[in-house]
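This report describes one protein chain for a reader who is new to structures. Look at the sequence and the model first, then read on.

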Amino acid sequence: DEIYIEIIGVSSEARGKGIGTKLLDWCHQTAISEYSHVARLKLEVIRGNRAIQLYERFGFDIHQTDCVDNLCGAVVVCLFFGRPYGFCNSEWGSVEMEMILGR
């Protein structure tokens, strides 16, 4: 089982002050203390976002997806937004990241 972090963000004025780390720590501690059956935390982040380094420092790893997953995601986004987001250009799209929870 997993917990997906849907939205996390820090305003530009507050970046670099440890708030993102505190938010991730809260997610991590909540998962461990209240959802003992959960084995991992997952999130998705837009390619090029500086937060990727924060997530990696916190213990998240980039989860590699195959081309079929990428294509399906791109088709859905294209249908909703009219742009083949993440498929035609390797700089577009997002990456999935996950952290295995150690007990």
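In this predicted model, the side chains of E98 and R40 meet in a salt bridge, with 3.5 Å from N to O. E98 lies in strand β4 and R40 in strand β2, so the pair ties together parts that are 58 residues apart in sequence. E98 is buried, because its relative accessible area of 17% is under the 20% cut-off. R40 has 26% relative accessibility and counts as partly exposed.

How many salt bridges does a search of the whole structure find? The search finds 2. Besides the pair of E98 and R40, there is a salt bridge between the side chains of K42 and E2, at 3.8 Å from N to O. Here K42 belongs to strand β2 and E2 to strand β1, so this contact links parts of the chain that are 40 residues apart in sequence. K42 is buried, with a relative accessible area of 13%, whereas E2 is partly exposed at 42%. As a general point, side chains of opposite charge can pair when their charged atoms come close.

**The strands**

The salt bridges involve strands, and these strands also pair with one another. The table lists the pairings.

| Strands | Sense | Bridges |
|---|---|---|
| β1 (residues 2-5) and β2 (residues 40-46) | parallel | 4 bridges |
| β2 and β4 (residues 94-100) | antiparallel | 7 bridges |
| β3 (residues 61-63) and β4 | antiparallel | 3 bridges |

Strand β2 pairs with β1 in the parallel sense and with β4 in the antiparallel sense. Strand β4, in turn, is also joined to β3.

Single residues show how these pairings are made up. Between β1 and β2, Y4 has K42 as its bridge partner; K42 is also the residue whose side chain forms the salt bridge with E2. Between β2 and β4, the bridge partner of E44 is E96, and that of L41 is M99. On the β3 side of β4, I62 has M97 as its bridge partner.

**The whole chain**

The chain has 3 helices and 4 strands. Read along the sequence, they follow the pattern β-α-β-α-β-α-β. At the start of this pattern, β1, helix α1 (residues 19-34) and β2 make a right-handed β-α-β unit. Of the 103 residues in the chain, 26% are buried.

**A patch on the surface**

Which residues form a nonpolar patch on the surface? They are L71, V75, V76, L79 and F80, which together have about 520 Å² of accessible area. F80 sits in helix α3. F80 counts as exposed because its relative accessibility of 66% is over the 50% cut-off.

**Confidence**

How far the details can be trusted depends on the confidence of the prediction. The mean pLDDT of the chain is 84, and 84% of its residues reach 70 or more. Where is confidence lowest, and where is it highest? Helix α3 (residues 67-81) has the lowest mean, at 71, and helix α2 (residues 51-58) has the highest, at 94. Where pLDDT is low, the predicted coordinates should not be read in detail. Helix α3, with the lowest confidence, is also the helix that holds F80, one of the residues of the nonpolar patch.

Note on methods: Residues are numbered from 1 along each chain as its sequence is written. This is a predicted model: local features need pLDDT of at least 70, side-chain atom pairs count only at pLDDT 80 or more; totals for chains, interfaces and linings use all residues. Side-chain values use heavy atoms; hydrogens and water are left out. pLDDT is the predictor's confidence in each residue, from 0 to 100. Helices (H or I, at least four residues) and strands (E, at least two) are DSSP runs, numbered from the N terminus. Patches are made of residues with over 30% relative accessible area and no salt bridge: like charges are joined within 9 Å, nonpolar side chains (Val, Leu, Ile, Met, Phe, Trp, Tyr) within 5 Å. Accessible areas come from the Shrake-Rupley method with a 1.4 Å probe; for residues, only the protein chains shown count as cover. A salt bridge is a side-chain nitrogen of Lys or Arg within 4 Å of a carboxyl oxygen of Asp or Glu. Buried means under 20% relative accessible area, exposed over 50%, partly exposed in between (1.4 Å probe, protein chains only). Two strands pair if DSSP finds at least two bridges between them. A crossover is right-handed if, with the strands pointing away from the viewer, the path from the first strand over the helix to the second runs clockwise.
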